[in-house]
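Visitor: Hi, could you walk me through this one slowly? I'm new to reading structures.
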Amino acid sequence: MTITSDPANRARLEPPDAGTDGVLIWDTAGVVLEHLIVVGRGMTGATKAGVAAMTDNGHYLGLTFRDLEVSGFKNGITILGWGGTTYGFGDVLIEDCNFHDNLSAGGQTWAESIGGHRNVTVRRCRFSNNPGDPASTKNSGSGFVFGGVIGGLIE
């Protein structure tokens, strides 16, 4: 499945409130998101991600995120696997994206074990003004954080 718009006039997606992900991909793969602007309600009170890919039901191959601009969320992009030690995503490509003005991080992966995610590539992306949550007791204020990844590359 591909969700795209004209690269010269990218579609703008806005969730209805600060408690809603901009785009949510759940227990599936083979998804391409490209040429989109995803705008949240701002860092204050943000609790969700601009783009979220989650699984609690297996390991899925093939996610591509290309030419996205994501701002105004807790995290720009979050890729999560939980509920089983092998649950996560493989063959993930994030390229030519701009993640800015998000509270906790530009992007992150997380899985219950190392290897939940495999072969994750972040290429030619910009991460800026993701200042961190002063109330957080966890890592915060990062560009992109790999967690639970085997075969991760940022270039």
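Guide: Let us begin with Arg-66, which is partly exposed, with a relative accessible area of 26%. Please keep in mind that this is a predicted model.

Visitor: Okay, and which side chain does Arg-66 meet in a salt bridge?

Guide: The partner is Glu-34, and the two side chains come to 3.1 Å, taken from N to O. Glu-34 lies in strand 4 (residues 31-39) while Arg-66 lies in strand 6, so this pair ties together parts of the chain that are 32 residues apart in sequence.

Visitor: Is Glu-34 buried or exposed?

Guide: Glu-34 is buried, because its relative accessible area is 14%, and the cut-off for buried is under 20%.

Visitor: What about Glu-69, which side chain does that one pair with?

Guide: Glu-69 forms a salt bridge with Arg-10, at 3.3 Å from N to O. This pair links distant parts of the chain, since Glu-69 sits in strand 6 (residues 59-71) and Arg-10 in the loop between strand 1 (2-3) and strand 2 (11-13), 59 residues apart. Glu-69 counts as partly exposed at 22% relative accessibility, and Arg-10 is partly exposed as well, with 24%.

Visitor: How many salt bridges are there?

Guide: The count comes to 9 salt bridges. Another of them joins the side chains of Arg-124 and Asp-96, at 2.7 Å from N to O. Arg-124 lies in the loop between strand 11 (117-123) and strand 12 (126-128), and Asp-96 in the loop between strand 8 (88-95) and strand 9 (98-100), so parts that are 28 residues apart in sequence are tied together.

Visitor: And which residues do shared partners join into one network?

Guide: The network, built from salt bridges that share partners, takes in Glu-34, Arg-66, Glu-95, Asp-96, Arg-123, Arg-124 and Glu-155.

Visitor: Switching topic: how many helices and strands does the chain have?

Guide: The protein chain has 0 helices and 14 strands.

Visitor: What does the radius of gyration say about the overall shape?

Guide: A compact globule of 155 residues would have a radius of gyration near 15 Å, and the chain has 14 Å, which agrees with that expectation. Along its principal axes, the C-alpha trace spans about 40 × 35 × 30 Å.

Visitor: How much of the chain is buried?

Guide: Buried residues make up 48% of the 155 residues. As for contacts between residues at least 6 apart in sequence, 87% of these join residues at least 24 apart.

Notes: Residues are numbered from 1 along each chain as its sequence is written. This is a predicted model: local features need pLDDT of at least 70, side-chain atom pairs count only at pLDDT 80 or more; totals for chains, interfaces and linings use all residues. Side-chain values use heavy atoms; hydrogens and water are left out. A salt bridge is a side-chain nitrogen of Lys or Arg within 4 Å of a carboxyl oxygen of Asp or Glu. Helices (H or I, at least four residues) and strands (E, at least two) are DSSP runs, numbered from the N terminus. Buried means under 20% relative accessible area, exposed over 50%, partly exposed in between (1.4 Å probe, protein chains only). The radius of gyration is taken over C-alpha atoms; the globule rule is 2.2 Å times the number of residues to the power 0.38. Contact means heavy atoms within 4.5 Å.
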